[in-house]
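Colleague: Could you walk me through this model and show me how each label is earned? I am new to it, so please go slowly.

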Amino acid sequence: MATKVLMPQLGESVTEGTISKWLVNVGDTVKKYDSLAEVTTDKVNAEVPSTVSGRITEIVVPEGETVEIGTLILYIEESGEVGADAPASTQEAPVQQQPVSAPLQPSAALAASQPAQQKASTNQDGPKQRYSPAVMALSQEHGIDLSRVVGTGAQGRVTRKDVQAIIDAGGQKAAAPVAQNTAPAAVSQPEPTPVAAAATATSVSSVPATSSVDISVASGDQIIPVTPIRKTIASRMIQSKHEAPHAWTMVEVDVTNLVNFRNQAKDEFKRKEGLNLTFLPFFIKAVVESLKEYPMINSTWAGDKIIVKKDINISIAVATEDALYVPVIKHADQKSVLGIAKSVDDLAARTRAGKLTMDDMTGGTFTVNNTGSFGSVLSQPIINAPQAAILSVESIVKRPVVINDMIAVRSMVNLCMSLDHRVLDGLICGRFLQSVKQKLENVGPETKLY
């Protein structure tokens with residue numbers, strides 16, 4: 001019996017996937033759970049496993065094509081029945097998701113937030129429509145009003161191919177006026193819905209489109225195609241800056257005692273635990289303890305309400321050569337400095353090896369960004385929507401400071417915080433930063449690592 005392999009669901013609210021590379025050819029024999037193809041979505045890259053053992057009889061979707069979740073992509077003739085034609089209707093075998101073996105497509109900075117969701121009605125009594133992030137990003141880039149696009153996907157859903165067809169045809173024509181004596185054909189503006197159940201999405205027409213101006217290319221200029229991950233990052237950054245009114249504040253912290261303590265403990269820590277004791281776990285620990293004191297910082301905007309999160313899940317920014325990923329330390333408030341250090345080391349290693357899972361990228365409630373790792377001393381981070389704030393830890397540098405009217409050389413660090421002014425005000429954020437500052441300056445020989 002020939003088995004249908006469908007485009008799998010690779011994450012909440014993901015509605016499309018692109019076959020980036022086939023790992024099998026027609027005629028190949030595969031075993032159950034063997035990888036069949038690499039698939040790219042707006043949230044994750046993953047390999048599609050085989051659900052049966054057998055021979056590949058037909059590849060339906062070519063490389064590079066984007067199709068909806070649930071679309072037939074491949075036929076496999078199960079072992080023992082080689083030679084039969086693939087029937088037009090067979091029982092659909094669900095594709096099981098495996099841990100990814102290629103880099104994830106994050107949500108902005110940020111890639112641990114979920115993609116924007118949007119609803120629109122094609123007429124006043126018609127069904128609501130949800131657009132995939134790929135469709136929304138492409139429509140925003142080219143100024144396409146999705147409420148006027150007739151979808152060819154399942155249940156009339158607008159696909160990326162529908163939008164691309166309009167672009168290839170020269171763009172969208174102006175809407176024709178509706179005659180008074182004809183049947184109603186009113187087109188309503190897309191209704192905003194919560195982004196990841198927190199931040200409110202705006203309509204496509206109100207989101208600033210990325211530049212589509214023709215730019216001259218001189219001889220010798222290098223043209224670099226925009227990758228799916230770079231498009232995703234761009235979309236998330238626009239979304240965050242457009243929706244959240246960013247405010248910014250900074251404190252400087254004397255971490256001389258922290259530097260001394262860490263330098264004294266790092267060799268023994270490495271010998272016992274097998275990993276380096278960096279400064280980042282101390283900063284995360286101080287942030288987590290301060291979030292307990294000021295839980296409002298650990299919240300999200302949800303349109304008509306503010307959601308204060310019970311769990312404290314810290315997103316950390318991990319850079320690779322071509323992108324920035326934001327995996328999440330779950331239940332960071334239940335971890336010691338050692339536990340946080342192990343989580344940071346594990347997530348960073350799996351990010352750079354391309355082995356993060358969807359669970360690793362979701363659920364963050366506050367982001368700590370270690371910009372000091374590449375020498376930055378001052379930055380203004382963009383909020384990792386739908387979170388309410390983000391903190392950048394800058395580089396620790398020795399500076400002359402005044403102590404008791406005397407000049408001393410101390411190890412200083414700037415903590416830069418961006419906040420969503422819909423949720424947070426300067427007073428609570430100032431108190432939060434002072435709490436973090438106090439905890440870092442009090443690190444010393446009595447500080448517990450375990």
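**How the labels are earned**

Modeller: Gladly! Of the 450 residues in the chain, 48% are buried. Please keep in mind that this is a predicted model.

Colleague: What does the secondary structure of the chain come to?

Modeller: There are 8 helices and 25 strands.

Colleague: How do you know that N404 is exposed?

Modeller: Exposed means over 50% relative accessible area. N404 has 67%, so N404 is exposed.

Colleague: And what makes D405 count as exposed?

Modeller: The cut-off is again over 50%. D405 has 75% relative accessibility, and therefore D405 counts as exposed. Both residues sit in the loop between β24 and β25: N404 and D405.

Colleague: What is the phi of N404, and what is the phi of D405?

Modeller: For N404, phi is near 55°; for D405, phi is about 65°. Both values are positive, and neither N404 nor D405 is a glycine. Most residues other than glycine have a negative phi.

Colleague: Why is W248 called partly exposed?

Modeller: Buried is under 20%, exposed is over 50%, and partly exposed is in between. W248 has a relative accessible area of 36%, so W248 is partly exposed. You will find W248 in strand β15, residues 246-254.

Colleague: Which residues make the nonpolar surface patch with W248?

Modeller: W248 is joined there by M250, V377 and L378, and the patch has about 350 Å². A patch residue needs over 30% relative accessible area; W248, at 36%, is over that cut-off, so W248 meets this condition.

Colleague: Now inside. Which residues touch the most other members of the largest nonpolar core?

Modeller: Those are I284, I314 and F366, in a core of 55 residues. Helix α5, residues 280-293, gives the most to this core, with 8 residues. Apart from this core lies another, of 19 residues, including L10 and V48.

Colleague: What does I314 touch, leaving out residues up to four places away in sequence?

Modeller: Its partners include I284, V287, L291, P327, F366 and V368. They count as touching because their heavy atoms lie within 4.5 Å of I314.

Colleague: Where is the cis peptide bond that runs from A385?

Modeller: The bond goes from A385 to P386, with omega near 10°. P386 is in the loop between β22 (366-369) and β23 (389-393). Most peptide bonds are trans.

Terms used
Residues numbered from 1 in each chain as written. Predicted model: local features only at pLDDT ≥ 70, side-chain atom pairs only at ≥ 80, totals over all residues. Heavy atoms only, no water. Core = buried A, V, L, I, M, F, W, Y, C linked by side-chain atoms within 4.5 Å. Buried < 20%, exposed > 50% of the residue type's maximum accessible area, 1.4 Å probe, protein only. Helix = DSSP H or I, 4+ residues; strand = E, 2+ residues; numbered from the N terminus. Patch = residues over 30% accessible without salt bridge, like charges linked within 9 Å, V, L, I, M, F, W, Y side chains within 5 Å. Areas by Shrake-Rupley, 256 points an atom, 1.4 Å probe, with all protein chains shown as cover. Salt bridge = Lys/Arg side-chain N within 4 Å of Asp/Glu carboxyl O.
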